[in-house]
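Me: Please take a close look at one part of this model, the paired strands beside the ligand. Start with the pairing itself, then work outward to what lies around it.

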Amino acid sequence: MNRTASETILSEGAATCFVMRGVFAREAFEAWHAHIPWQQNAITVYGKEHLEPRLTAWMGSAYAYSSIRWPKRPITPQVLELRDAVQGFCDAAPIFNSCLFNLYRNGVDSMGWHRDNEPEIDPACIASVSFGATRDFAIRHRQTKEKWMVSLGHGDLLVMENMQRDFDHALPKRLKVHKPRINLTFRALRG
Ligand SMILES: O=C(O)CCC(=O)C(=O)O
């Protein structure tokens, strides 16, 4: 793969994170917004139920994280087409057979620190595409607490390789952002 146009965010041992700017900028935010069957899930934290501060959807194998259980759902041809293009930028990656969709309605919506380290996820590579408003994406080393911040704009591709053991990531609130953002996170689920 030609990474000349990629921006390395971090590279520590086998863990690498890079961004390719605007590679999917021709895609229309509105078309993706309309295509995805959004829902707002409730999650249980310390025994108390909260609505997630974003909308989500899922396509692919059955998947569970926190208190959320996604049943197996077919991947639409539109998502498969985007997946194939993403796969072309991730040469060593396993085949992405699943996609988690996140819709941040404005800068109040967010995602807290977490890892995508469920046993069924292949940690070698997770790749995500962003559409709509620009938002900061934060990465933090779990031991040293060193932090990286990268701004993700419309059409940007973010690739995380071997990051899920030692690094957490998050999408912090940004109260000055009033427009929505969609993120499609492609994953390879085993089994
Ligand atoms: O919206 C983003 O860029 C972050 C998404 C994310 O962290 C996830 O789906 O696990």
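**The β8-β15 pair and its surroundings**

Reply: β8 and β15 pair in the antiparallel sense, and seven bridges join them. In this predicted model, one of the bridges sets F101 opposite L184 of β15. As a general matter, strands of a sheet pair through backbone hydrogen bonds, in either a parallel or an antiparallel sense.

The pair belongs to an open sheet of seven strands, arranged antiparallel in the order β1-β2-β13-β10-β15-β8-β5. β1 (6-12) and β5 (55-59) stand at the edges with a single partner strand each, so each of them has one side without a neighbour in the sheet. From one strand to the next, the twist averages 15 degrees. In the strand order, β8 sits between β15 and β5, while β15 sits between β10 and β8.

At the other end of the order, β1 pairs with β2 (residues 15-20) in the antiparallel sense over six bridges. T8 has F18 of β2 as its bridge partner. These strands form a hairpin with two residues between them, and G13 in the turn has a positive phi of about 60 degrees.

Which residues lie around the ligand? They are L100, N102, M111, D116, S128, F137, H169, L171, N183 and T185. β8 (98-104), β14 (167-171) and β15 (181-187) are the elements that give two or more residues to this shell. L100 and N102 fall within β8, N183 and T185 within β15, and H169 and L171 within β14. By type, the shell divides into four nonpolar residues, five polar and one charged. In a regular strand, side chains alternate between the two faces of the sheet.

β14 brings in another sheet. That sheet is open and antiparallel, with four strands in the order β9-β14-β11-β12. Its edge strands are β9 (111-114) and β12, each of which pairs on one side only. Neighbouring strands here are turned by 15 degrees against each other on average, with direction ignored. β11 and β12 pair in the antiparallel sense over six bridges, and I139 has W148 of β12 as its bridge partner.

The loop between β11 (135-141) and β12 (147-152) holds K145. K145 has a positive phi of about 70 degrees although it is not a glycine. It counts as exposed because it has 8 C-beta neighbours inside 10 Å. N162 is another non-glycine residue with a positive phi, near 55 degrees, and it lies in the loop between β13 (157-161) and β14. With 18 C-beta neighbours inside 10 Å, N162 counts as partly exposed.

Now back to β8 and the loop that follows. D109 is placed in the loop between β8 and β9. Is D109 buried or exposed? It counts as buried, because 20 C-beta neighbours lie inside 10 Å, and the cut-off for buried is 20 or more. Apart from neighbours within four places in sequence, D109 is in contact with P53, R54 and Y104. D109 and A170 are 61 residues apart along the chain, and their C-alpha atoms are separated by 12 Å.

The seven-strand sheet also meets a helix. In α2 (residues 77-87) the buried residues are V79, L82, R83 and V86. They cover an arc of only 105 degrees around the axis, and therefore lie on the same side of α2. An α-helix has 3.6 residues a turn, so residues three or four places apart point the same way. The cover over the buried residues of α2 includes β5, β8, β10 (125-132), β13 and β15; thus both strands of the opening pair are among the covering elements. On the face of α2 turned away from its buried side are the exposed residues P77, E81 and D84.

One further loop touches the edge strand next to β8. Q39 is placed in the loop between α1 (29-35) and β3 (42-45). With 11 other C-beta atoms within 10 Å, Q39 is exposed. Neighbours within four places in sequence aside, Q39 is in contact with L55, T56 and A57. Its C-alpha atom is separated by 21 Å from that of H114, which is 75 residues away along the chain.

How values were computed:
Residues are numbered from 1 along each chain as its sequence is written. This is a predicted model: local features need pLDDT of at least 70, side-chain atom pairs count only at pLDDT 80 or more; totals for chains, interfaces and linings use all residues. A residue is near a molecule or strand if its C-beta atom, placed from the backbone, lies within 6 Å of it. Ala, Val, Leu, Ile, Met, Phe, Trp, Tyr, Cys and Pro count as nonpolar, Asp, Glu, Lys and Arg as charged, and the others, Gly among them, as polar. Two strands pair if DSSP finds at least two bridges between them. Axes are lines fitted to C-alpha atoms, for helices over the stretch in contact, and angles run from 0 to 180 degrees between N-to-C directions. A residue is buried if 20 or more other C-beta atoms lie within 10 Å of its own, exposed if 12 or fewer, and partly exposed in between; C-beta atoms are placed from the backbone. The arc is that of the directions from the helix axis to the C-beta atoms. Two residues are in contact if their C-beta atoms, placed from the backbone, lie within 7 Å.
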